[in-house]
Amino acid sequence: MYAQLVKSEGTSREEMSPEEIAFQERIDRNEKIEPKEWMPEGYRKTLIRQIGQHAHSEIVGQLPEGNWITRAPTLERKQILLAKVQDEAGHGLYLYCAAETLGVSRDELLERLHSGDMKYSSIFNYPTLTWADMGAVGWLVDGAAIMNQVPLQRTSYGPYSRAMIRICKEESFHQRQGYAIMMKMANGTPAQKKMAQDALNRLWYPSLMMFGPSDKDSVHSAQSMAWKIKMNTNDELRQKFVDQTVPQAEYLGLTVPDPDLKWNEEKGGYDFTEPDWDEFYQVLKGNGPCNKERLGARVKAWEDGAWYREAMTAHAKKKAARRSAVAAE
Ligand SMILES: CC(C)(COP(=O)(O)OP(=O)(O)OC[C@H]1O[C@@H](n2cnc3c(N)ncnc32)[C@H](O)[C@@H]1OP(=O)(O)O)[C@@H](O)C(=O)NCCC(=O)NCCSC(=O)Cc1ccccc1
């Protein structure tokens, strides 16, 4: 079995401790690992990295859409967008809670985000320039997020897999609302259709980048798949996303901005042009179009909230002092 062939924490199976072997066997039997149970340090660290980055993506991911709430074209659209952005806050919170079960505090995770030590999804470093971008974000970005997250419902860590079940239900609505905006725009006036096409042109490749580097450059995939922290490779999910999305673009009467896109009968999927990986790594290094703005907004929100955190701490201390005074009487 694949999992048994791959190394655990850089050691071959022969070098694994009895605990590591027993742990890997539990993973191979598809048992869920729960917070208080023994786990290899590498498994815990990998989960903190992935769940923490996922949580940060949800929170930073509120910004490009939050930007459009006041400018949504109708009251109904405003309500829907507001609800979607609130859902993303909720997803971030479930995920921070799941990460906390691994022994890391939320403050530490946020500190690591703000210092640039932890990442969030590259996609949120691109601007949302028109209302059609709200359609394209829902359709493509939530679409890519679901493609990645549906398999993660079966991930080996219990709290993460359970968070994913709820999140995926909500993400499906998000994807549908995005596609509904695209349908309206693509079937609207020529100017609206042009806006929809422009949004697709700008967000197509950044959406493909969401799945991570190509498999040959993915440093974590082999070990993460052995531990069932990841269920598929980056390229597998990217291919599935392209195969699902191209017919949806055709239905909209829009053109995917890839002249080499072609159905490949033999593989039963599309051949497509890979994203520009230099651009991807530049965005990861902080040099995307909106990196500074996005991180700046999160740091400002954290600093602006200092008075509230201080007040809550003072209140909790006062309450605790009162409780111990009553207990001492
Ligand atoms: C697939 C992958 C993202 C990456 O695979 P791995 O095995 O972990 O890594 P791999 O070895 O392949 O890569 C090497 C390095 O490259 C990093 N890197 C790679 N790709 C990216 C990237 N795109 N952006 C930034 N960094 C990326 C990676 O961290 C690693 O660097 P490190 O060593 O950490 O410094 C995986 O972590 C995963 O499935 N995560 C869970 C899903 C998740 O986080 N979803 C979030 C979006 S959903 C959402 O937000 C919903 C929403 C919708 C609309 C609006 C609002 C919200």
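Reader: Does Thr 245 count as buried or exposed, and why?

Author: Thr 245 counts as buried because its relative accessibility is 0%; buried means under 20% relative accessible area, exposed means over 50%, and partly exposed lies in between (1.4 Å probe, protein chains only). Before we go on, note that this is a predicted model, in which local features need pLDDT of at least 70 and side-chain atom pairs count only at pLDDT 80 or more, while totals for chains, interfaces and linings use all residues. Residues are numbered from 1 along each chain as its sequence is written, and side-chain values use heavy atoms, with hydrogens and water left out.

Reader: Where is Thr 245 found, and what lies 2.6 Å from a polar atom of its side chain?

Author: Thr 245 is found in helix H11, where helices are DSSP runs of H or I with at least four residues, strands are runs of E with at least two, and both are numbered from the N terminus. The atom you ask about is the backbone oxygen of Phe 241, and such a pair is a polar contact (N or O atoms within 3.5 Å; within protein, one must be able to donate a hydrogen and the other to accept it, and residues adjacent in sequence count only if both atoms are side-chain atoms). The general idea is that an α-helix has 3.6 residues a turn, so residues three or four places apart point the same way.

Reader: What does the side chain of Ser 161 reach?

Author: Ser 161 belongs to helix H8, and its side chain reaches the backbone oxygen of Gly 158 at 3.1 Å. Ser 161 counts as buried because its relative accessibility is 3%. In helix H13, where Lys 300 is found, the contact joins two side chains, those of Lys 300 and Asp 304, at 2.7 Å.

Reader: How should I read a positive phi, and which residue takes one just after H2?

Author: Look at the residue type beside the angle: Asn 30 has a positive phi of about 65° although it is not a glycine, and this residue comes just after H2, in the loop between H2 and H3. Asn 30 counts as exposed because its relative accessibility is 56%, whereas in helix H2 (residues 18-28) the buried residues include Phe 23 and Ile 27. Lys 228 also has a positive phi, of about 55°, and is not a glycine; its place is in the loop between helix H10 (221-226) and H11, and it counts as buried because its relative accessibility is 14%.

Reader: How is a pocket told from a cavity, and what volume does the largest pocket have?

Author: On a 1 Å grid over the protein atoms alone, a cavity is a set of points where a 1.4 Å probe fits but cannot get out, while a pocket is an open set with protein on both sides within 12 Å along at least five of seven lines, and lining residues have an atom within 4 Å of a point. The largest pocket holds about 1100 Å³ of space, a volume being the space filled by probe spheres set on grid points that are joined across faces, edges and corners. Its lining has 45 residues, and Gln 53, Ser 121, Met 210, Phe 211 and Gly 212 are the closest to its centre. H7 gives the most to this lining, with 9 residues.

Reader: Which helix supplies the largest share of the lining of the second largest pocket?

Author: That share, 4 residues, comes from H12, and the pocket itself has a volume of about 280 Å³. Among its 15 lining residues, Gly 116, Tyr 120, Leu 284, Gly 286 and Asn 291 lie nearest its centre.

Reader: How many cavities of 30 Å³ or more are there, and what lines the largest?

Author: The count is 1 cavity, and the largest cavity has a volume of about 50 Å³. Its lining includes Pro 64, Tyr 126, Thr 128 and Leu 203.

Reader: Which residues come nearest to the ligand?

Author: Of the 35 residues around the ligand, Lys 119, Ser 218, His 220, Lys 230 and Asn 234 come nearest, where a residue is near if one of its heavy atoms lies within 4 Å. An N or O atom in the side chain of Gln 53 is 3.0 Å from an oxygen atom of the ligand, whereas Ser 122 places a backbone N or O atom 2.9 Å from a ligand nitrogen atom. A polar backbone atom of Met 209 is 3.2 Å from a nitrogen atom of the ligand.
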